[in-house]
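Reader: I'm new to this one. Could you walk me through it in plain words?

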Amino acid sequence: MNLLLAMGALLQAQALRDSFAQYEDAWYAGAVHGQGQAAQAGVQFAQLALVWAALHAVAAVVLAARASTGRSTLRSATVAFGMWQCLIGVLTLAVAGAGTGAGAVVRALGALASGALIAYLATRPDAVAWFNRPRC
């Protein structure tokens, strides 16, 4: 889901940049130039968000794929991943203002809840025992 949102933001930022690029030769190019630079910064931010979302998705897939054969270190990494996701949710809630809408708040609460659930389930005694079980 994060990858789709980041790709959407990148496409929207590039469309905005392209819309300002068509006015470069106009007589009011000086006024549009600042907006074009802001659009370029938006594109760069969206590209960074896309890379960040991709790394986050890869980490989640790797942790999930290794869960059946993992040991205590993987459990600790899963707890750290859950806490990181909680932190991202809290920071998103802190940044989300009145202008962002309810969708951003719901997404931030979802990230916070899923991160807390991941960390909680990885620290339960039965999960600790399963990751510390004897291997053949």
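**A first look**

Author: Let's start with one ring: Phe131 is buried, at a relative accessible area of 11%, where buried means under 20%, exposed over 50% and partly exposed in between, with a 1.4 Å probe and protein chains only as cover. This is a predicted model, where local features need pLDDT of at least 70 and side-chain atom pairs count only at pLDDT 80 or more, while totals for chains, interfaces and linings use all residues. Residues are numbered from 1 along each chain as its sequence is written, and side-chain values use heavy atoms, with hydrogens and water left out.

Reader: Which residue forms an aromatic pair with Phe131, edge-to-face?

Author: Rings of Phe, Tyr and Trp (its six-membered ring) pair if their centres lie within 6.5 Å, and planes under 30 degrees apart are stacked, over 60 edge-to-face, the rest tilted. By this rule there are two aromatic pairs. In one of them the centres are 5.1 Å apart and the planes make 85 degrees, so it counts as edge-to-face, and the partner of Phe131 is Trp130.

Reader: Is Trp130 buried or partly exposed?

Author: Its relative accessible area is 37%. Buried needs under 20% and exposed needs over 50%, so Trp130 is partly exposed.

Reader: Which residue lies over the face of Trp130?

Author: A charge sits over a ring if NZ of Lys or CZ of Arg is within 6 Å of the ring centre and within 35 degrees of the ring normal. Here the distance from the ring centre is 4.0 Å, and the residue is Arg133.

Reader: How many helices does the protein have?

Author: Helices (H or I, at least four residues) and strands (E, at least two) are DSSP runs, numbered from the N terminus. Along the sequence the pattern reads α-α-α-α-α. There are zero strands, and the helices number five.

Reader: Gln85 and Trp84 both caught my eye. Is Gln85 buried or exposed?

Author: Trp84 sits in helix α3, and Gln85 is found in helix α3 too. Trp84 is partly exposed, with 36% relative accessible area. Gln85 has 13%, which is under 20%, so Gln85 is buried.

Reader: Which residues does Gln85 touch?

Author: Contact means heavy atoms within 4.5 Å. Leaving out residues up to four places away in sequence, Gln85 touches His56, Ala111, Leu112, Ser114, Gly115 and Ile118.

Reader: What share of the residues is buried overall?

Author: The protein has 136 residues. The share that counts as buried is 22%.
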